Amino acid sequence: ASLTIPDLDVPRPTSVDEDVNLTLDANMQGIKALYDLFGHSNKLRKMSRHQAIQLMTRDSNFKMSEKDARPATTFTANLLKPGQTQSPQIDHISVIEFLELIGRFADLYMNDSELPLDEKINYVLDEWLALVNYQR
């Protein structure tokens, strides 16, 4: 008897995913320096949600409103799970969540643009990585 493995409709990485991953990977040293710039100010050595919002609204030239920036801080790991009635409140974000935030912010900020996501991310990184004098 042979074992049949069902097709689970698992999403396969697309070239868009690969381009985004390559962009983030190529800039990881600068991204970590930016993350550390904010994280150094607290005992946990993590960027706070408030600091992430401040980066999007005040610390860079993007100047997005706080209301418009908040959706970028809704991370996949913090979405409601089956049976939950409230999303967990996050005070600090991990480096992985910061990578997600970069992509979400780039897409939110440039939502009218036809550019692919990796190019939107590059645009955002040009501005943000200048804060830590990182040459791309």
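A salt bridge is a side-chain nitrogen of Lys or Arg within 4 Å of a carboxyl oxygen of Asp or Glu. Keep that in mind, please. The structure holds 4 of them. One caution before we go on: this is a predicted model.

Let's start with the overall build. How many helices and strands does the protein have? There are 6 helices and 2 strands. Walk along the sequence and the pattern reads α-α-β-α-α-β-α-α. The protein has 136 residues, and 35% of them count as buried. Its accessible surface comes to about 8900 Å². Carbon and sulfur atoms hold 52% of that surface.

Now contacts. Take those in the protein with a separation of 6 or more. Of these, 59% join residues 24 or more positions apart.

Back to the salt bridges. I'll begin with Arg 70. Which residue does Arg 70 pair with? The partner is Glu 66, and the closest N and O atoms are 2.7 Å apart. How open are these two to the outside? Arg 70 has a relative accessible area of 35%, so it is partly exposed. Glu 66 is partly exposed as well, at 34%.

Next, helix α5, which covers residues 95-109. Here the side chains of Glu 100 and Arg 104 meet in a salt bridge, at 3.1 Å from N to O. Why are they about one helical turn apart? Because Glu 100 and Arg 104 sit 4 residues apart in helix α5. Glu 100 counts as partly exposed, with 22% relative accessibility. The cut-off for buried is under 20%, so Glu 100, at 22%, falls in the partly exposed class. Arg 104 is partly exposed too, at 29%.

Now a bridge between two helices. The side chains of Lys 120 and Asp 107 meet at 2.9 Å, N to O. Lys 120 lies in helix α6, residues 117-128, and Asp 107 lies in helix α5, so this pair ties together parts that are 13 residues apart in sequence. Is Lys 120 buried or exposed? Lys 120 is buried, with a relative accessible area of just 5%. Its partner, Asp 107, is partly exposed at 38%. Salt bridges can also share partners. That is how Arg 58, Glu 66 and Arg 70 are joined into one network. So Glu 66 and Arg 70, the pair from a moment ago, belong to that network.

Stay with helix α5 and helix α6 for one more distance. Arg 104 lies in helix α5. Arg 104 and Ile 121 are 17 residues apart in sequence. In space, their C-alpha atoms are 9.0 Å apart.

Helix α6 also holds Asp 118. Asp 118 is buried, because its relative accessible area is 14%. What does Asp 118 touch? Leave out residues up to four places away in sequence, and the answer is Asp 19, Val 20 and Thr 23.

Asp 19 turns up again on the surface. Which residues gather in the patch of negative charge there? They are Asp 17, Glu 18, Asp 19 and Glu 119. Helix α1, residues 15-26, gives the most to this patch, with 3 residues. Look at Glu 18, which is found in helix α1. Glu 18 has a relative accessible area of 44%, so it is partly exposed.

Last topic: backbone angles. Two residues stand out for today. One is Lys 63, with phi near 50°. That is a positive value in a residue other than glycine. Where is Lys 63? In the loop between α3, residues 49-57, and α4, residues 66-69. The other is Asn 133, with phi near 55°. That value is positive too, and again the residue is not glycine. Asn 133 sits in the segment after α6. Its relative accessible area is 67%, so Asn 133 is exposed.

Let me recap. We have a predicted model with 6 helices and 2 strands. It holds 4 salt bridges. One of them pairs Lys 120 with Asp 107, linking helix α6 and helix α5. A patch of negative charge lies on the surface, and helix α1 gives the most to it. Thank you.

Technical notes. Residues numbered from 1 in each chain as written. Predicted model: local features only at pLDDT ≥ 70, side-chain atom pairs only at ≥ 80, totals over all residues. Heavy atoms only, no water. Patch = residues over 30% accessible without salt bridge, like charges linked within 9 Å, V, L, I, M, F, W, Y side chains within 5 Å. Areas by Shrake-Rupley, 256 points an atom, 1.4 Å probe, with all protein chains shown as cover. Lys, Arg positive; Asp, Glu negative; His and termini not counted. Charge placed at Lys NZ, Arg CZ, Asp CG, Glu CD. Buried < 20%, exposed > 50% of the residue type's maximum accessible area, 1.4 Å probe, protein only. Contact = heavy atoms within 4.5 Å.
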